[in-house]
Amino acid sequence: MGRIRAKAHTTGGTPRQGGEDNPKGHALLSFYDVRLGCPTDVHVDTRSRHETALLRDYDQSAQPMTRHKGALWLVDRAFIDAAFWDSRKKRLGMTLITRMKSSLCIESTGALAGGGRAD
């Protein structure tokens, strides 16, 4: 009788070892419904990638919460991606609340209410 070996993933280890696994462990994006007070979805990845890339992957999944109309998002500042969130605000009417990074630079080209500029 043969022996069966189980592996959680089959990539070649960490980038230093020629693979794509994150040397810090698994990336775990948890989604909570604040009104319900419980997690409602999770996205797990073992590759060494930025949080925003993982969020974009999640957005392409079968039923992502990032496509719920009128949703309110409270996110860590690692997830600041203006183009990603702005497209959802325009298309789905969602709102994003986060704290800004000290290195964040905002430039506005649009007019403010009352005819002023945001410069």
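A residue is taken as exposed when its relative accessible area is over 50%, and as buried when that area is under 20%, with partly exposed residues in between. By this criterion Lys-90, at 67% relative accessibility, counts as exposed in the present structure, which is a predicted model. The salt bridges are described below, followed by the helix that carries Lys-90.

Lys-90 forms a salt bridge with Asp-86, and their closest N and O atoms are 3.2 Å apart. Asp-86 has a relative accessible area of 34% and is therefore partly exposed. The two residues are four positions apart in helix α2, so about one helical turn separates them. An α-helix has 3.6 residues a turn, so residues three or four places apart point the same way.

Across the whole structure, a search finds four salt bridges. Two of these involve the side chain of Asp-59, which meets that of Arg-88 at 2.5 Å, N to O, and that of Arg-67 at 3.7 Å, N to O. Arg-88 belongs to helix α2 (residues 82–92) and Asp-59 to helix α1 (residues 51–59), so their salt bridge ties together parts that are 29 residues apart in sequence. Both members of this pair, Arg-88 and Asp-59, are buried. For Asp-59 the relative accessibility is 2%, and because this is under 20% the residue counts as buried. Arg-67, in contrast, has 37% relative accessibility and counts as partly exposed. Through shared partners, the salt bridges join Asp-59, Arg-67 and Arg-88 into one network.

Arg-88 is also one of the buried residues of α2, together with Phe-84, Trp-85 and Leu-92. These residues cover an arc of only 85 degrees around the axis and therefore lie on the same side of α2. The cover over the buried residues of α2 includes α1, β3 (72–74) and β4 (95–97). Helix α1 thus appears in two respects: it is part of the cover over the buried residues of α2, and it holds Asp-59, the salt-bridge partner of Arg-88.

On the face of α2 turned away from its buried side, the exposed residues are Ala-82, Ala-83, Lys-89 and Lys-90. Lys-90, the partner of Asp-86 in a salt bridge, is thus found on this face, whereas Arg-88 is among the buried residues of the helix. After α2 comes Gly-93, which has a positive phi, near 70 degrees.

Conventions: Residues numbered from 1 in each chain as written. Predicted model: local features only at pLDDT ≥ 70, side-chain atom pairs only at ≥ 80, totals over all residues. Heavy atoms only, no water. Buried < 20%, exposed > 50% of the residue type's maximum accessible area, 1.4 Å probe, protein only. Arc of directions from axis to C-beta. Contact = heavy atoms within 4.5 Å.
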